[in-house]
Amino acid sequence: MANKAQTLKRHKLRNNEYYNIQNVFDNLYNQSKNGKVFKNLYEIIISDENIMLAYRNIKKNKGSKTSGTNKRNIIEIGNKEPQKLINYVKSRLGNFKPHSVKRVEIDKEDGRKRPLGIPTIEDRLIQQCIKQVLEPICEAKFYKHSYGFRPNRGTHHAIARSLFLINIAKYHYVVDVDIKGFFDNVNHGKLLKQMYSLGIRDKRLLCIISKMLKAEVKGIGVSTMGVPQGGILSPLLSNIVLNELDWWIVSQWEEMPTANSYAVSKERNGLATPCSRYNALRRTSKLKRCFIVRYADDFRIYCTNINHANRLMLATTDWLEKRLRLSINTDKSRVVNLKTDYSEFLGFKFKLRRKSNKWIVKSHIRDKAIKKIKNNIKDKIKLIQHGGETFENALKFNATVRGIHNYYKVATNVYIDFEDVAFHIGKSLKIRLRSRHKTIGKKSSTFLKYYGAPLKTQVYGNTFRFSEKLRKIQFNQVINAPIGSFILPIS
């Protein structure tokens, strides 16, 4: 069964080809790779094919039914004829004035609120039109080890890169940097200059984006800084801002020029590694050896010794403040020696331990994530208890369990964490569902694939039992997202 990421990728490519616009995106990518400057992107954005593709991409998104300040959703604007929809987008972009943005606050792990800005569905459609054209241009200029909100990349790829640097390359010191309120403190002028330096020099387009950034937030006023979390274009704009940080870190070691040219000397898993050049730099310089792994505004810098790590912490803090006008959260930013302490990244925590005279990574689910998992599962149990034994409620429970299994399975000691979670919520599962049927539904092929043969006793789901097959999964950078199972085994 094809995994979810591959299916989504295939659907996206099929949509692009259906509207005969994939070649346009490919050409933009290749031209950007070759350093071309783009001054006529507006015509591509308002093309009929690009607008219809944007509508199709938004329509299949779950958030398309979320209304903005004008209370409209994708269903209402979809009632228009295709040509009327196209004409509407063109007329809006001809003299663009953004609608007000709806403010929504969601809970953060530390008890604070994260503000989201939800544009109207019409503005989201326009943002999607712009994103589709800008993305291939920016992708050609982005650093390869930036993984957040990018095509064919995800959190597991960032984890894989981190494990490679720690286990294989022996980078055992980590600079953990937390940017304070990144999305709320992006400087608009700096962002537009960065887009200009990437080759996006269409004045009409830059003017439209500038107006989007300054859209009024209902009940608060006009925004002078930041990009609203919740907008379709915001993740791409945030990557543009921090792309400069990526390449600055890369210039410190990874891409440092040498006096002589060195051929690529090794092959590892089919990928060339520039070992000769790195060896030459080690012999002839005192440069700080470092590599960055970034997912959106969450990044880690890996170093070989504590001295390099401390100096990079100071240099990165100073560079962020002076270059990007961003400050760091001193309470959450630190230098970590992985042999003595854990480093947390993307819901996981890493630490080194001795095994056969080697240091290898021991990884767990981070403590805050475990607490969130317990609360989430208990909410789904209550939904079954009070909402009835319906297919939808059972499906929500099992989808939650599968999603947790699938995301955290890459941790080496995940089974220990899952046993702890199962112990704490097992009582809730038994008591709240004690009067429920022991078997429900039919086991799908996905259930059998990921959980093996059925056990004698079954209920709606077992929170965290791993079958032997699942325990033996070896991590790779293929994105897996199993779908379709209905009931899970009980411990």
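In this predicted model, the count of salt bridges comes to 16. One of these salt bridges joins R300 to D176, and the closest N and O atoms of the two side chains are 3.0 Å apart. The two partners belong to distant parts of the chain, with R300 in strand β9 and D176 in strand β3 (residues 173-178), 124 residues apart. R300 has a relative accessible area of 8% and is therefore buried. D176 is likewise buried, at a relative accessibility of 5%.

A salt bridge is also formed by D246 and R294, with a separation of 2.8 Å between the closest N and O atoms. This pair, too, links distant parts of the chain: D246 lies in helix α11 (residues 234-252) and R294 in strand β8, 48 residues apart. D246 counts as buried because its relative accessibility is 0%, below the 20% under which a residue is called buried. R294, at 1% relative accessibility, counts as buried as well.

In the salt bridge between D420 and K374, the closest N and O atoms are 3.5 Å apart. D420 is located in helix α16 (residues 414-432) and K374 in helix α14 (residues 367-387), so the salt bridge ties together parts of the chain that are 46 residues apart in sequence. The accessibility of the two partners falls into separate classes: D420 is partly exposed, with a relative accessible area of 31%, whereas K374 counts as buried at 16%. In addition, a network of salt bridges links E43, D202 and R204. In general terms, side chains of opposite charge can pair when their charged atoms come close.

Strand β8, which holds R294, spans residues 290-295 and is mostly covered, six of its six residues being buried. The cover extends to both faces of the strand. On one side C290, I292 and R294 are buried, and on the other side F291, V293 and Y295 are buried. Strand β8 pairs with strand β9 (residues 298-303) in the antiparallel sense, over six bridges. Within this pairing, F291 has Y302 of β9 as its bridge partner. The hairpin of β8 and β9 has two residues between the strands, and A296 in this hairpin takes a positive phi near 60 degrees.

Strand β9 is largely enclosed by the rest of the structure, because five of its six residues are buried. Besides its pairing with β8, strand β9 is joined to β3 by six bridges, and β3 and β9 run antiparallel. Y173 has C303 of β9 as its bridge partner. Strands β3 and β9 are thus connected by these bridges and also contain the two partners of a salt bridge, D176 in β3 and R300 in β9.

Two tryptophan residues were examined for their accessibility and for their distance to residues elsewhere in the sequence. W359 lies in strand β13 (residues 358-365) and counts as partly exposed, at 21% relative accessibility. W359 and I166 are 193 residues apart in sequence, while their C-alpha atoms are 9.0 Å apart in space. W247 is placed in helix α11, the helix that also holds D246. At 36% relative accessibility, W247 counts as partly exposed, whereas D246 is buried at 0%. W247 and Y143 are 104 residues apart along the chain, and a distance of 6.9 Å separates their C-alpha atoms.

On the surface, R14, R56, K59 and K60 gather in a patch of positive charge. R56 belongs to helix α4 (residues 48-59). With a relative accessible area of 31%, R56 is partly exposed. The arginines R300 and R294, in contrast, are buried, at 8% and 1% relative accessibility, and form salt bridges with D176 and D246, respectively.

Conventions
Residues are numbered from 1 along each chain as its sequence is written. This is a predicted model: local features need pLDDT of at least 70, side-chain atom pairs count only at pLDDT 80 or more; totals for chains, interfaces and linings use all residues. Side-chain values use heavy atoms; hydrogens and water are left out. Patches are made of residues with over 30% relative accessible area and no salt bridge: like charges are joined within 9 Å, nonpolar side chains (Val, Leu, Ile, Met, Phe, Trp, Tyr) within 5 Å. Accessible areas come from the Shrake-Rupley method with a 1.4 Å probe; for residues, only the protein chains shown count as cover. A salt bridge is a side-chain nitrogen of Lys or Arg within 4 Å of a carboxyl oxygen of Asp or Glu. Lys and Arg count as positive and Asp and Glu as negative; His and the chain ends are not counted. The place of a charge is taken as NZ of Lys, CZ of Arg, CG of Asp or CD of Glu. Helices (H or I, at least four residues) and strands (E, at least two) are DSSP runs, numbered from the N terminus. Buried means under 20% relative accessible area, exposed over 50%, partly exposed in between (1.4 Å probe, protein chains only). Two strands pair if DSSP finds at least two bridges between them.
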